[in-house]
Amino acid sequence: MGRRKLIPAAAALAAGAALTLAATPASAQPQAPSPAPAPAALAASAADRLVGSAGTSSLLRRADGDALKRTGVVQGTRGLQYVTYARSFKGLAVVGGDVVVTTDAAGTVKDTAVAQTAPIAVGTTPAVTAARAAATARARLATVDTAAAPELKVLAWGTPKLVYEAVVKGRTAQGRASNLHVFVDARTGKVADQVDYVREGTGNGYYYGNVTINTSGSGSSYSMTDPTRPGLKCGGQNGAAYTGTDDAWGNGSGTNLETACVDAMWGAQREIDMLGAWFNRNGIQGNGNNAPIRVGLNDVNAYWNGSYVNFGHNQANTRQATPIDVVGHELGHAVFQYTPGGAGSGNENGGINESTGDIFGALTEAYANSPLDPPDYSVGEEVDLVGDGPIRYMYNPSLAGDPNCWSTSIPSTEVHAAAGPLNHWFYLVAEGTAPSNGQPASPTCNSSSVTGISVRKAGEIYYNAMQAKTSTWKYANIRTATLNAAKNLYPNSCTEFNTVKAAWNAISVPAQSGEATCTGTPSNDFSISVSPASGSVAAGSSATTTVATATTAGSAQTVALSASGLPSGATATFSPASVTSGSSSTLTIATSASTPSGTYTVTVTGTGSATHTATYTLTVTGGPGGSCSGANGTDVSVPDAGAAVTSTITISGCGRNGTATSTVAVNIVHTYRGDLVVDLLAPDGTSYRLKNSSLFDSADNVDQTYTTNLSSEAGDGAWKLQVRDVYSQDTGYINTWTLTL
């Protein structure tokens with residue numbers, strides 16, 4: 001029942017030219033020294049070595065039949081380079097399989113970002129026809145203008161699955177423009193996910209008076225086409241640029257569309273110039289190209305649709321939606337699309353995309369520094385949408401009813417509101433809690449004080465973090481990426497790093513495992529992986545695996561190895577017990593006759609200048625112990641917008657804790673699964689969130705296996721699946737569920 005607006009999002013990897021080095025011709029004569037390889041070539045070479053190394057399979061979530069192809073090298077600031085890779089599996093493109101490797105100018109690998117959370121293990125033969133997938137996709141829109149033939153791919157957002165990607169363009173039931181990518185499960189025919197390239201916002205504009213804009217033409221023939229910024233032009237709803245007999249545009253009226261184009265072109269030109277001057281980016285798309293602009297949209301709205309920006313008017317229809325921060329916001333969506341990883345699905349990722357628009361609006365406004373619209377951190381403050389002034393406040397999102405702080409409810413928060421915490425973080429990094437430059441004070445969620453480092457530095461750090469973006473980005477990933485960016489951009493200073501970290505703490509985004517630390521001096525680093533990553537033994541026997549290390553930054557170092565999470569009666573030995581990064585060790589896990597049957601997650605830890613871990617899954621058979629799994633097939637009705645209901649599985653005789661890879665297979669029959677919040681309740685009452693509600697997930701039924709870390713929970717006792725319907729109009733019931741500890 002598609003009664004709600006679909007999630008708008010976009011996904012695209014930055015494209016890059018292939019890199020080649022010419023061979024030196026053979027000669028008996030002395031040769032002039034060859035020029036040093038460019039940073040992009042050094043970055044590509046180092047990243048290719050990392051990706052091609054057998055020791056990084058675990059880090060990159062590789063599987064048999066898996067291939068990574070370099071798609072580009074993106075130049076950041078201060079010498080940083082970002083090498084992007086697209087993944088395929090048995091010849092099929094993988095959506096959500098993207099990888100980004102960060103290096104410095106010398107080609108030293110600094111960080112690696114991987115979108116996937118697990119290796120791919122799916123069949124490649126569909127059970128559903130492409131025609132059925134196409135029909136399913138077309139049904140998602142009220143009006144379909146065009147529909148591309150579905151393509152068979154692997155979707156790796158969450159648990160990998162075989163899907164058809166079908167692209168349909170048209171309008172939603174609410175009349176909104178849509179460029180919808182629908183992922184249809186090739187096994188079941190159900191919609192697995194969908195993203196919309198149309199990114200919407202709202203706005204209204206003041207006029208910037210007599211300004212100079214770049215246009216084309218001469219004599220008596222002119223066009224609102226920028227000859228110095230490829231792709232940038234402005235016109236009406238047919239996509240053609242406005243033309244005229246002279247190079248004077250607009251009349252200053254709020255209803256005149258040429259005037260709207262003057263404002264929009266001037267704002268877009270300032271944003272493109274800002275990207276080049278501050279962040280070393282070549283145009284909106286990063287490859288010299290830019291987005292065209294349309295005005296005259298008959299709507300109280302503005303949006304980016306994946307190809308162009310379109311601006312409407314305010315509710316009173318007295319002004320066009322083209323002030324500089326609204327223009328910067330919509331083009332910020334384009335920058336988000338044209339940076340590695342593009343955008344993924346879900347409200348949290350959508351909120352990040354919306355905040356990115358606000359951030360680039362603020363950056364553009366700061367760069368332009370117009371006396372008619374002084375730089376600030378209010379979004380659309382010139383908009384008189386419904387007579388309430390700004391639509392968002394970056395320094396205090398709660399002023400518009402949006403959350404100041406991150407919480408576990410953000411994934412189910414409407415995308416514009418879900419932008420609040422990131423907007424707040426950006427303001428704290430740029431200006432701090434108590435600015436002395438006339439900007440407003442900003443509260444924190446932990447009552448801390450933060451000292452800002454300037455809007456330009458805040459933008460540089462966030463922009464460089466975006467170059468390591470993957471399609472599965474969430475707030476936790478941005479914390480990690482911005483800390484890495486601050487450390488890489490300012491390797492001999494901790495001031496910027498500490499401000500970034502303090503701002504994340506101030507908006508309640510928790511510290512992440514293995515995140516960067518700062519000592520003010522460059523550090524060495526390494527990675528660790530195990531191969532094979534799993535094994536099965538009879539109780540009393542031994543299993544072996546190879547522990548590989550690699551130097552990922554700086555110089556090689558000594559890495560001490562240890563293991564934890566072993567079942568009772570088992571021991572672990574390493575040969576050798578420590579290695580120089582780049583070398584390998586053999587791990588032997590010996591079990592005894594008393595080792596209980598079950599599946600265990602063994603954590604292998606490498607300790608050097610930093611600590612890194614890898615996991616090995618050990619399955620023991622033939623040992624003592626009762627059942628560590630159970631199922632309940634009794635139907636439980638889920639009341640519409642009512643109280644939570646539970647279904648219970650009692651485990652007895654397991655004799656051990658759950659594992660880090662415990663699974664909960666859930667089958668709920670429901671007419672709108674986006675209404676449902678699903679939790680697992682442990683015997684001690686601890687709650688584990690399996691699924692959040694989403695206003696934008698309109699598919700039927702929940703048929704999903706969730707992997708949950710239950711290693712801290714005793715297995716024996718009453719486990720409960722708790723389900724609550726949080727919105728009205730749809731009904732269903734818990735059909736079956738299975739718990740495997």
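**Figure 1. Pro576 lies in the loop between strand E25 (571–575) and strand E26 (578–580).** The model shown here and in every other view is predicted. A cis peptide bond joins Pro576 to Ser575. Its omega is about 0 degrees. Look for the bond where E25 ends, since E25 covers residues 571–575.

**Figure 2. Ser531 and Pro532 are linked by a cis peptide bond.** Omega is about 0 degrees for this bond. Pro532 is in the loop between strand E21 (525–531) and strand E22 (534–538). Which residue has its C-alpha atom 9.3 Å from that of Pro532? That residue is Ser58, and the two are 474 residues apart along the chain.

**Figure 3. Ser58 touches Ser529 and Val530.** Residues up to four places away in sequence are not counted in this list. Ser58 sits in the loop between helix H1 (39–52) and strand E1 (66–75). Is Ser58 buried or exposed? Its relative accessible area is 32%, so Ser58 is partly exposed. Buried would need a value under 20%, and exposed a value over 50%.

**Figure 4. Helix H3 (residues 257–279) crosses helix H5 (residues 347–368) at roughly 90 degrees.** The axes of H3 and H5 come within 9 Å. The crossing angle therefore makes H3 roughly perpendicular to H5. Two packed helices are described by the angle between their axes and the distance between the axes.

**Figure 5. Residues of H3 meet residues of H5.** From H3 come Trp266, Gly267, Arg270, Glu271, Asp273, Met274, Leu275, Ala277, Trp278 and Phe279. From H5 come Phe360, Leu363, Thr364, Ala366, Tyr367 and Ala368. What classes of residue make up the contact of H3 with H5? Eleven are nonpolar, two are polar and three are charged.

**Figure 6. Asn280 has a positive phi, near 65 degrees.** Asn280 is a residue other than glycine. Find Asn280 in the loop between H3 and strand E16 (293–295). Asn280 counts as partly exposed because its relative accessibility is 38%, and partly exposed lies between the 20% and 50% limits.

**Figure 7. Asn701 also has a phi near 65 degrees.** Here too the value is positive, in a residue other than glycine. Asn701 is in the loop between strand E35 (687–691) and strand E36 (702–708).

**Figure 8. The second largest cavity holds about 50 Å³ of space.** The structure has four cavities of 30 Å³ or more. Rolling a probe the size of a water molecule over the atoms shows where empty space is left. Asp325, His329, Gly357, Asp358, Gly361 and Ala362 are among the lining residues of the second largest cavity. Glu365, Asp376, Tyr377, Ser378, Val379 and Met394 are also part of this lining.

**Figure 9. H5 gives the most to the lining of the second largest cavity.** How many residues does H5 give to this lining? H5 gives five. The elements that give two or more residues are helix H4 (324–337), H5 and strand E19 (378–379). By class, the lining has four nonpolar, four polar and four charged residues.

**Figure 10. Gly438 is in the loop between helix H7 (420–430) and helix H8 (455–466).** Gly438 is exposed, with a relative accessible area of 71%. The C-alpha atoms of Gly438 and Thr571 are separated by 63 Å. Along the chain, Gly438 and Thr571 are 133 residues apart.

**Figure 11. Gly452 lies in the loop between H7 and H8.** Its relative accessibility is 26%, so Gly452 counts as partly exposed. Which residues are in contact with Gly452, leaving aside its neighbours within four places in sequence? They are Leu428, Val429, Ala430, Glu431 and Gly432. Gly452 and Tyr616 are 43 Å apart in space, C-alpha to C-alpha, and 164 residues apart in sequence.

**Figure 12. Ser711 is in the loop between E36 and strand E37 (717–725).** Ser711 is partly exposed, with a relative accessible area of 37%. Not counting residues up to four places away in sequence, Ser711 touches Asn657, Gly658, Thr659 and Ala660. The C-alpha atoms of Ser711 and Thr143 are separated by 49 Å. Ser711 and Thr143 are 568 residues apart along the chain.

Technical notes. Residues are numbered from 1 along each chain as its sequence is written. This is a predicted model: local features need pLDDT of at least 70, side-chain atom pairs count only at pLDDT 80 or more; totals for chains, interfaces and linings use all residues. Side-chain values use heavy atoms; hydrogens and water are left out. Axes are lines fitted to C-alpha atoms, for helices over the stretch in contact, and angles run from 0 to 180 degrees between N-to-C directions. Helices (H or I, at least four residues) and strands (E, at least two) are DSSP runs, numbered from the N terminus. Angles under 35 degrees count as roughly parallel, over 145 as roughly antiparallel, 65 to 115 as roughly perpendicular and the rest as oblique. Contact means heavy atoms within 4.5 Å. Ala, Val, Leu, Ile, Met, Phe, Trp, Tyr, Cys and Pro count as nonpolar, Asp, Glu, Lys and Arg as charged, and the others, Gly among them, as polar. On a 1 Å grid over the protein atoms alone, a cavity is a set of points where a 1.4 Å probe fits but cannot get out, and a pocket is an open set with protein on both sides within 12 Å along at least five of seven lines; lining residues have an atom within 4 Å of a point. Grid points are joined across faces, edges and corners, and a volume is the space filled by probe spheres set on the points. Buried means under 20% relative accessible area, exposed over 50%, partly exposed in between (1.4 Å probe, protein chains only).
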